[in-house]
Amino acid sequence: MRHYLERLRQRGELLVTHRPVAARHELAAVTEKVQRTSNRPILFTNVEGTELPVLTNTYGSRERLADILGIGPRDFCRKWNELANLGGLEGPAKRSVPMPNDLRDAKVSDLPLLTYSERDGGPYFTSALFLAEEPETGVPNLSFHRSMFVSDEELRCRLAPTHHLTMYHEKAERMGRPLEAAMLIGPQPEVFLAAAAPVPYETDELEVAANLAGAPVEMRPCKHIDLMVPASTEVVIEGRFLANERRPEGPFGEFMGYYVPVGDNAVFEVLGVSVREDAVFHSINCGSAEEVLTLELSIAATTYSRISAVLPGILDVACLPFVLQTVVQIRQEFEGHARQVILSVFGNSPVWAKYCIVVDEDVDLYDLHEVSWAVMTRARPDRDVIIVPETPSFYRDAHHDHWGRMGIDATAPFPRREQFLRKVVPGVDEVDLDAYFGS
Ligand SMILES: Cc1cc2nc3c(=O)[nH]c(=O)nc-3n(C[C@H](O)[C@H](O)[C@H](O)COP(=O)(O)O)c2cc1C
C-alpha cells in the first residue's frame, strides 16, 4: 500500500494533516467531510493513542481504482473478468520470501483504535481483510469482516452467512478445531481488490490478486500460525477463530447507513501482531464510497458477464447510487429486449438487484439525472414497470424490508425509437467560453 501512497503523494492528490486527531469520532468525521467535498485520500500523522499514521479514503473513487488496474473509469465491466481471470501473469501466482527483517512485534492496542459512528459499541478494525485456508483443501480466501476491539487478546468479528470465511469457520468447527487466520491491514492494492470480489469457493483469491497485478504476490510466513501472508502488508494480526464460541458484537454503523444491533458473532483470539517499519495503518469509514464502491464494481462486473452470456446488446452495467440498484445500458435489438434484461438481472443477481433500470445507449448510466430523465420521458408507470412480489433480495433481511423487486424499462419504445432522438445543439462541446466572456 505504501507504493500507492507514494504515488498519491507525488501526484499531489494526498491531503496530509499533522494536527492531533482523536481516535474516537474525530478521524472519521474529518474523513466524511472530505468525502463530501474533494473526496481526496487523507493521511493523518498524529492520531491519539498510536504512533502509526492513518490513511483513509484511499480507494474511494472509481478513477483511483481504475488507475490501479490501468483501465479507464468506465471500463470495469468489460475489463474486470479478463484482468481477474487471466491478467498479464505467466507462471506462478505466489513467490515465497523469507521473513522480512523490518518487522516488529506489537500489541493490538498499539494500533489506531478508531471509533466511527455515534452509537458504535467500541473501536473497530474496518479495513482488515482476513486470510484463511479452506480446512480440507487449503485453498486461501480473502474477505473483509469488521472486527470489534475487546482486548489485546480478543476481537469479535462479523462473519455473515454465505461468505466463504464463515463456511471455513463452520467447517473447522465441525472438525472440532479452531480456524487460524491472519488479518491483513494495508496489503498491496490488488490484494484489497481481490478480497472484495465475489469469486467461486474453489478459487484462490491470491491468484486473482496476482492476475490483477500482473506479477506474483510475494508471501512471507506468519510467526504464530501456519499461514503465508503477502509480505508487503503493513500490519498483520495473527490469530484463530474459536470453535463453537459466539459473543456479543455491536452495535455498528455499517454499509447500508444504519446501525446493526448487538448480535452474537465470531470470536477471534489474537496470537500476535507484526508491524512493518514505518507502517501506515489503513482505515475505512463504513458505508462510504471506499467500502461500497468495491462491492458495487464487483457486483456490476459479475452481472454484466452473466447477462451478456445470455442476451445480446448489453453495453454496460452500474450499481448506482447504491449496490441494491442495477442500471443496465443496452442497444435495443428487438421489442421486449429491456424486459428480458430485467428478468435476467433478477435471476443473475439474486442478492443485490432489488431495483433494476434499463436505459438506451444514448443515456449516461453513471449520471443518475440522466437515468431519471430516461425514466420520466421513456417509461410508462402503468406498463413499463415490472414488480416481482414476495421475493427476497438482500439475504440478511429478517423483517423482509428487502423483499420484492422492481424493474423499470426506461428505454424508448422499440418500434418508434426514432421519435426519441435526443435534440442536440451543434458545437456545444467545442465552445470556449473564455473566448466570449474572458476568464
Ligand atoms: C470494507 C468492507 C467491509 C466489509 N465488512 C464485512 C463484514 O463485516 N462482514 C461480512 O460478512 N462481510 C463484509 N464485507 C463483505 C465481504 O468481505 C465481501 O463481500 C467479500 O467479497 C466476501 O468474500 P467471499 O466471497 O470470499 O466470501 C465487507 C466488504 C468490504 C469491502
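## Worked exercises on strands and helices

Trp 403 of strand 23 is the bridge partner of Pro 392. Before we dig in, a word on ground rules: this is a predicted model, where local features need pLDDT of at least 70, side-chain atom pairs count only at pLDDT 80 or more, and totals for chains, interfaces and linings use all residues. Residues are numbered from 1 along each chain, as its sequence is written.

**Exercise 1. Work out how strand 23 pairs with strand 22 and with strand 21.**

Step 1. Get the terms straight: strands (E, at least two residues) and helices (H or I, at least four) are DSSP runs, numbered from the N terminus. Two strands pair if DSSP finds at least two bridges between them.

Step 2. Take strand 22 (residues 385-392): strand 22 and strand 23 pair in the antiparallel sense, over 5 bridges.

Step 3. Now strand 21, which runs parallel to strand 23 (residues 403-409) and is joined to it by 4 bridges. Here Val 358 stands opposite Asp 409.

**Exercise 2. Find which residues of helix 10 are buried, and what they pack against.**

Step 1. Use the cut-offs: buried takes 20 or more other C-beta atoms within 10 Å of a residue's own, exposed 12 or fewer, and partly exposed is in between, with C-beta atoms placed from the backbone.

Step 2. In helix 10 (residues 368-378), the buried ones are Val 371, Ala 374 and Arg 378. Because they cover an arc of only 65° around the axis, they sit on the same side of helix 10. (The arc is that of the directions from the helix axis to the C-beta atoms.)

Step 3. A bit of background: an α-helix has 3.6 residues a turn, so residues three or four places apart point the same way.

Step 4. Flip to the other side of helix 10, and you'll find His 369, Ser 372, Met 376 and Thr 377 exposed.

Step 5. As for partners, the buried residues of helix 10 pack against strand 20 (325-330) and strand 21 (355-360).

**Exercise 3. Describe how helix 4 meets helix 7.**

Step 1. The axes of helix 4 (residues 76-85) and helix 7 (residues 205-213) come within 6 Å and cross at roughly 115°. Axes are lines fitted to C-alpha atoms, for helices over the stretch in contact, and angles run from 0 to 180 degrees between N-to-C directions.

Step 2. Roughly perpendicular covers 65 to 115 degrees, so that's the label for helix 4 and helix 7.

Step 3. Look at who touches whom: Leu 83, Ala 84 and Asn 85 come from helix 4, while Val 208, Asn 211 and Leu 212 come from helix 7. Contact means C-beta atoms, placed from the backbone, within 7 Å.

Step 4. Sorted by class, this contact has 4 nonpolar, 2 polar and no charged residues. Nonpolar means Ala, Val, Leu, Ile, Met, Phe, Trp, Tyr, Cys and Pro; charged means Asp, Glu, Lys and Arg; the others, Gly among them, are polar.

**Exercise 4. Lay out the sheet that helix 7 lies across, using strand 4 and strand 12.**

Step 1. In this open sheet, 3 strands come in the order 4-12-13, with mixed pairing. Strand 4 and strand 13 (228-230) are the edges, each with a single partner strand, so one side of each has no neighbour in the sheet.

Step 2. Strand 12 (residues 217-221) pairs with strand 13 in the antiparallel sense over 3 bridges, and Pro 221 stands opposite Met 228.

Step 3. Add the helix: helix 7 runs at about 140° to strand 12.

Methods: Angles under 35 degrees count as roughly parallel, over 145 as roughly antiparallel, 65 to 115 as roughly perpendicular and the rest as oblique. Two residues are in contact if their C-beta atoms, placed from the backbone, lie within 7 Å.
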